[in-house]
Structure formats: C-alpha cells, structure tokens
Amino acid sequence: MPIHSSVLELIGQTPIVKAQRLDAGVCELYLKLESANPGGSIKDRIGLSMIEAAEKRGDLKPGATLVEGTAGNTGLGLALVAQQKGYKLILVVPDKMSREKIFNLKAMGAEVLLTRSDVAKGHPEYYQDLAKTIAEQTPGAYFVNQFGNPDNPAAHEFGTGPEILEQMDGDLDAIVFGCGSSGTMTGLSRAFATLSPKTELVLADPVGSILAEYINDGVLNDKSGSWLVEGIGEDFLPSISDFSRVKKAYAITDAESFHTARELLGKEGILGGSSTGTLLAAALKYCKEQTTPKKVLVLVCDTGNKYLSKMYNDYWMLDNGFLERPQHGDLRDLILRPYGQRDTVVIGPNDLLTTAYQRMKLYDVSQLPVLDGDQLVGIVDESDVLLHVYGDEARFRDPVATAMVSKLDRLDVKSPIEALLPVFDRGQVAIVMDGDTFLGLITRIDLLNYLRRRVQ
C-alpha cells in the first residue's frame with residue numbers, strides 16, 4: 001500500500017463485499033462500501049469534484065468562503081475538502097440531522113446553521129433557499145449548489161460508475177441507489193448507458209418523498225410527506241436530475257429502513273447509515289421478485305457511526321415506535337427504561353454526589369432514583385445537587401443521601417394516565433410502584449412520546 005500525502009487521495013476506490021447471510025432470493029447481492037471513504041460517505045466524491053472543478057474554472061480564490069445547504073453527508077465531504085484546501089465553509093442543515101453529523105462538521109471547522117425541516121422548497125427557511133440567500137449576502141462567497149451543479153453527477157459518471165464496472169468485471173445486472181441531490185443517480189445512469197446498457201437502474205425512496213411515484217406512475221406530486229431517513233428523498237426534481245433511464249422504484253418506510261440497516265450489521269457486520277437501510281430494503285425486494293439469477297449491487301452510502309444516537313439506539317427506536325414493547329394496559333406502557341430490566345439509570349445512597357453528577361451527564365438524564373439494594377429510598381435531581389454544592393464545591397464528595405429527597409410521592413402502576421398531570425405540574429417526575437416494588441420513572445417527554453405513538 002502506498003503512503004499518501006493527503007486524506008483526499010483516499011476518496012474513491014471503495015471495496016465491494018458479496019453478501020453471504022442476507023436473503024437475496026436467486027440473486028447475488030453485492031455491497032459497495034462507500035462508507036469506507038475518509039469522510040464516511042459517498043458524498044466525499046462530489047465534495048472533491050465540485051471544489052476542484054470550481055478551482056479549475058477560477059471560481060475560487062485562496063481562502064474563499066463556501067456556502068451550501070445539505071442534509072449532512074455532502075457537508076461532511078465539503079468540510080473534508082475545504083479543511084485540506086484552506087477554505088472557510090458555512091453549512092445550512094435541516095434540524096432533523098443527527099447530532100453525530102453536526103458534531104463532526106463543527107469539529108472539522110465548518111460553521112453550521114440549523115434551519116427548519118418542516119418547510120418545502122421556496123420557503124425562506126428551507127435549507128437550500130436559506131443557503132443561497134446567505135451566499136448572496138456574504139462578500140466573496142461561492143454557493144456550491146449541489147442540486148444544480150453539473151460537477152456533482154460528473155463525479156459518478158466518470159468516477160463511481162466506471163469504478164463499479166471495473167470491480168464487477170463489467171458484469172452487473174442491476175444497481176440500487178437513492179436520490180437526494182440526484183447526482184449519484186444521474187451520474188451513474190449516464191455511465192451505465194455508455195458502458196453497460198444492460199444494467200437496470202433501481203431507485204430506493206423514502207415513503208413521503210415524491211420520487212417513487214414519479215418513476216413508477218409518471219405523476220409529479222407537488223405535496224410531499226415527512227420522513228426520518230437522512231440524505232435521500234425529495235419534494236422537488238433537482239435541476240441536474242435525469243430520471244429517463246430509471247424504470248423501477250420502491251417506496252420504503254422509515255421502519256423498514258432502520259430495521260434493514262440493523263439487519264445488515266447483525267448479519268454481515270457492516271455498519272451502514274439510515275439511507276443504506278432504505279437502499280438495502282429496496283434491493284432485497286427487487287432480488288426477491290426475480291425468477292432468474294442476477295448480479296445486483298447496492299450502495300452502502302455512509303457509515304452508521306453517524307446514527308448511533310438514533311436508529312442504533314434502542315431507546316430512540318422505542319420512543320419513535322420502531323421497536324415493539326410489551327403492552328400491559330397500565331403505566332408500565334409509559335416507562336421507557338424499566339428498572340426490572342436493569343434499564344433505569346440509578347444511584348446508591350452512599351455513592352458520591354460527583355458520581356451522580358457524572359452519571360446524569362453520561363446518560364443525559366436530569367434525575368436519578370436512589371436505591372439501597374432494590375429498595376427505593378429517594379430521588380436526586382440536578383436542582384438537589386446544585387443547591388447542595390453551591391458555595392462549597394467540596395460537597396461534591398458528600399454522599400448522595402445528604403442531598404436526595406426521601407419524602408416521595410409514589411404512583412401505583414394501575415393509576416390512570418391523568419394522575420401524571422398533577423405530578424408534572426409540581427415539577428416532579430412520576431415514580432411508579434407495584435406495591436413496594438419500584439418499576440421506573442415517567443417524565444413529561446415519556447408521556448408526550450406515548451401520546452404521539454398512539455396517533456401513528
């Protein structure tokens with residue numbers, strides 16, 4: 001292996017793995033690991049392509065400011081290239097983006113502006129429109145505009161497409177991809193039209209996006225829904241899009257996407273992102289519809305490291321109704337972390353307050369039940385700790401028992417849901433008991449999540 005002079009030299013030439021344990025029917029399923037790019041996604045390719053093409057045209061001066069609207073991975077690809085080439089980068093991102101992506105972008109030096117994800121193109125706060133406005137108002141800024149930039153699909157027409165065919169020895173019956181900016185789809189379709197006309201192009205689309213209906217029925221809907229999968233699906237046709245060679249599309253639900261991505265990790269050991277789950281779910285549907293063997297390739301668009309707090313987090317999946325939980329018909333149905341399953345984060349009365357503080361921070365909770373063995377003896381929250389240590393930080397070394405509240409209002413598990421409201425009105429969390437047995441806590445957000453799940 002050669003020694004490289006820049007991380008940018010690692011973009012592309014990603015490996016392909018043949019699936020061994022996924023049920024692909026009579027087909028052979030191949031996984032192209034775009035997650036192996038240095039920025040963790042296929043969008044590294046277009047980040048490099050769009051910036052270097054702008055440099056060749058003379059559109060970028062040293063130290064210029066780049067501005068882009070992105071659902072995440074394009075931003076990471078641009079951040080990687082901008083960092084290496086010395087450009088400032090301003091990114092406008094919708095507020096449904098995972099925390100990991102935002103942390104990653106900021107750590108790489110990008111300025112990140114969050115905007116609304118519940119508005120459509122044409123609204124001033126829509127992430128692409130807002131990015132364009134910021135670019136126009138920033139002296140010397142260059143608007144990357146992945147949705148209208150021909151250097152986006154060129155990265156795949158002249159890079160990714162030929163690379164795939166070389167790796168597959170020119171033999172590929174179908175490829176499954178998603179569409180966000182449409183660069184991947186447009187570029188690959190042009191590459192295969194020239195180099196492998198037999199290769200069928202299959203689109204995977206989140207339910208709520210307008211693209212699957214457009215491909216399958218020829219209907220261009222002007223109203224889209226909402227979806228949680230990041231980076232693919234659209235509510236309009238990007239100006240660089242060319243759907244003419246795509247004849248088949250599958251609409252995949254969020255639940256299918258998340259569960260399929262988790263299945264990919266569980267069966268093949270590949271940690272893919274949420275859009276990877278969408279693409280793989282569509283690829284498996286396509287494969288199972290075939291009656292003759294075919295070689296089918298699906299893109300692993302990005303790494304699942306960016307979604308550990310979301311679809312790989314059982315609590316997030318439970319909160320959003322994507323994992324089933326036993327139903328009891330009582331307050332147990334609202335407890336996110338049951339103590340009986342050792343899911344509740346607890347503290348002991350003789351533990352130090354600094355331990356309680358660290359545990360609250362680690363698990364992002366604001367209160368801890370205090371248990372002596374299995375016996376609930378108190379509860380300690382942020383306010384209790386603050387009031388105890390304020391003015392004398394040495395008190396962080398005091399035991400939890402010195403600051404906890406031991407006079408507790410408990411709710412019987414058979415209490416009606418309405419009984420939670422007075423507890424919340426007092427600024428407390430609900431302590432749920434079955435006789436003398438502590439079952440867990442219910443917070444305001446637990447009740448909100450429960451009510452929302454009932455209308456899904």
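# A guided tour of the predicted model

Begin by selecting Lys 132, which is partly exposed at a relative accessibility of 41%. The structure on display is a predicted model. Add Glu 136 to the selection: this residue is exposed, with a relative accessibility of 57%. Lys 132 and Glu 136 form a salt bridge whose closest N and O atoms lie 2.6 Å apart. Colour helix α4, residues 127-137, and the arrangement can be followed along the chain: the two residues are four positions apart in this helix, which means that about one helical turn separates them.

**A second pair**

Next, select Glu 125 and Arg 116, whose side chains meet in a salt bridge with an N to O distance of 3.7 Å. Glu 125 is partly exposed, at 33% relative accessibility. Arg 116 is also partly exposed, its relative accessible area being 30%.

**A link between two loops**

Now centre the view on Asp 330 and Lys 414, where another salt bridge joins the side chains at 3.1 Å, N to O. Asp 330 belongs to the loop between α10 (314-319) and α11 (353-363), whereas Lys 414 belongs to the loop between β13 (410-412) and α13 (420-425); the pair therefore ties together parts that lie 84 residues apart in sequence. Which of the burial classes applies to Asp 330, buried or exposed? With a relative accessible area of 9%, Asp 330 is buried, because the limit for that class is under 20%. Its partner, Lys 414, is exposed at 59% relative accessibility.

For a network, select Lys 32, Glu 34, Arg 45 and Glu 163, which are joined into one by salt bridges that share partners. In total, the structure holds 27 salt bridges.

**The six-stranded sheet**

Switch to a cartoon representation and trace the open sheet of six strands in the order β1-β2-β10-β7-β8-β9, in which the pairing is mixed. At its edges stand β1 (16-18) and β9 (246-252), each of which pairs on one side only. On average, neighbouring strands of this sheet are turned by 25° against each other, direction ignored.

Follow the sheet to strand β8, residues 200-206, which runs parallel to β9 and is joined to it by six bridges. For a single position in this pairing, select Val 202 and look across to Lys 248 in β9, which stands opposite. Strands of a sheet pair through backbone hydrogen bonds, in either a parallel or an antiparallel manner.

**The cavity**

Where is the largest cavity lined, and by which residues? Select Leu 228, Glu 230, Phe 258, Ser 274, Tyr 307, Lys 310, Met 311 and Trp 316, which form its lining. By class, this lining comprises five nonpolar residues, one polar residue and two charged residues. The largest cavity contains about 40 Å³ of space. The count of cavities of 30 Å³ or more comes to one.

**A glycine in a loop**

For the last stop, select Gly 109, in the loop between α3 (99-107) and β5 (111-115). Gly 109 is exposed, with a relative accessibility of 58%. Then add Leu 80 and display the separation between C-alpha atoms: Gly 109 and Leu 80 are 29 residues apart along the chain, and their C-alpha atoms are separated by 9.3 Å.

Technical notes: Residues numbered from 1 in each chain as written. Predicted model: local features only at pLDDT ≥ 70, side-chain atom pairs only at ≥ 80, totals over all residues. Heavy atoms only, no water. 1 Å grid on protein atoms, 1.4 Å probe; cavity = no way out; pocket = protein on both sides within 12 Å on 5 of 7 lines; lining within 4 Å. Points joined across faces, edges and corners; volume = space filled by probe spheres on them. Nonpolar A, V, L, I, M, F, W, Y, C, P; charged D, E, K, R; others polar. Salt bridge = Lys/Arg side-chain N within 4 Å of Asp/Glu carboxyl O. Buried < 20%, exposed > 50% of the residue type's maximum accessible area, 1.4 Å probe, protein only. Pairing = 2+ DSSP bridges. Axes fitted to C-alpha atoms, helices over the stretch in contact; angles between N-to-C directions.
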